Amino acid sequence: MRAIIQHEWDGPDSVRLAEVAEPHPAPTEVKVRVHAAGVNPVDYYTSGGLAYNRVLDLPFIHGWDVAGVVEEVGYGVSRFQVGDRVFGMPWFPRQAGGYAEFVAAPSRHFASIPTGLSVAEAAALPLAGLTAWQMLIDVARLTPGQRVLISAAAGGVGHLAVQIAKARGAYVIGTARAAKHDFVRSMGADEVVDYTTTPVHEIVSDVDVVIQMFGGAAGRDALHCLRPGGVLVSAQAAWTPGLFDRARELDVHAYDYLVEPDAAGLQSIAALAAEGRLRVHLAAQYPLSEAAQALKVIGDGRTSGKLVLAVEQ
């Protein structure tokens, strides 16, 4: 099969389209013919050896987000049959090999694609959607009527988090550059704050939940946006020195977080999409052969929504 291989830890320039052996499903696994693969910022950082290089060995096949059709089922699989449309984020953060024509992984790392959702849209959902869902629902335990601040609200995770929070009945404040305010409002945000002009913690206060996608000083300062006893969930806690000490000083709660494969979460996201309460914004699609360019674009950090690779069949 064709796959995108990373040969060195020196960024997108060392990825290559190559022929490799097809995977085969072990017991409890399914083999999926990939029709589309999502591109995420973590893919870019991984290409430079800045993320998960302790669980990835060179050369490796890029990508975690996939959507396609079940080609083969292993012994013991009862959730899917050959021909089913599925999407998922298998094996994260270990190699999943999503930038390829086939993937094999546990069946419980996938969920059914709802009717009406294209494979490209489905491929864009797993990692970003699960990140938003798990941060808001599983960790912060967001409830109706709460006020939530979502940083990077125009990004892949952010624009989905806005919609999930609104579907949960929350009042949503998003942060984004001024040029993206209309986009964030179109996702359902009640307020949008321009983080480039004034520090967010000087504008926003007394929120119940902060979903923090930035590290460093901005990640730490976001604690000041919370009411006493409020909850901040950080996707960048490892790059936010002093976060937990400062949270204790302010009488708020801070949690670190990393997304995990989660069939139940995927099914919840799929249900919202099927009901029309969650839509993924596809900023651009690239052929598999242009994966290096897609990685460079996502690495620039200015994408609204998601990028997807189309895996030609």
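Visitor: Does Asp 208 count as buried or exposed?
Guide: Keep in mind that this is a predicted model. Buried means under 20% relative accessible area, and Asp 208 comes in at 13%. So Asp 208 counts as buried.

Visitor: Which side chain meets Asp 208 in a salt bridge?
Guide: Let's look along the chain: Asp 208 sits in strand 12, and its partner sits in strand 13, 19 residues apart. The N-to-O distance for the pair is 2.5 Å. The partner is partly exposed, with a relative accessible area of 26%. That side chain belongs to Arg 227.

Visitor: How many residues of strand 12 are buried?
Guide: Strand 12 covers residues 207-212. The strand is largely enclosed by the rest of the structure, because its buried residues number 6 of the 6.

Visitor: Which residue stands opposite Ile 211 in strand 13?
Guide: Strand 12 and strand 13 run parallel, and 5 bridges join them. Ile 211 has a facing residue in strand 13, and that is Val 233. The chain gets from strand 12 to strand 13 through helix 6, in a right-handed β-α-β crossover. So much for the route; the name you're after is Val 233.

Visitor: How many residues apart in sequence are the parts that Lys 296 and Asp 13 tie together?
Guide: These two form a salt bridge, with the closest N and O atoms 2.9 Å apart. Lys 296 lies in helix 9, while Asp 13 lies in the loop between strand 1 and strand 2. So the pair ties together parts whose separation in sequence is 283 residues.

Conventions: Residues are numbered from 1 along each chain as its sequence is written. This is a predicted model: local features need pLDDT of at least 70, side-chain atom pairs count only at pLDDT 80 or more; totals for chains, interfaces and linings use all residues. Side-chain values use heavy atoms; hydrogens and water are left out. Buried means under 20% relative accessible area, exposed over 50%, partly exposed in between (1.4 Å probe, protein chains only). Helices (H or I, at least four residues) and strands (E, at least two) are DSSP runs, numbered from the N terminus. Two strands pair if DSSP finds at least two bridges between them. A crossover is right-handed if, with the strands pointing away from the viewer, the path from the first strand over the helix to the second runs clockwise. A salt bridge is a side-chain nitrogen of Lys or Arg within 4 Å of a carboxyl oxygen of Asp or Glu.
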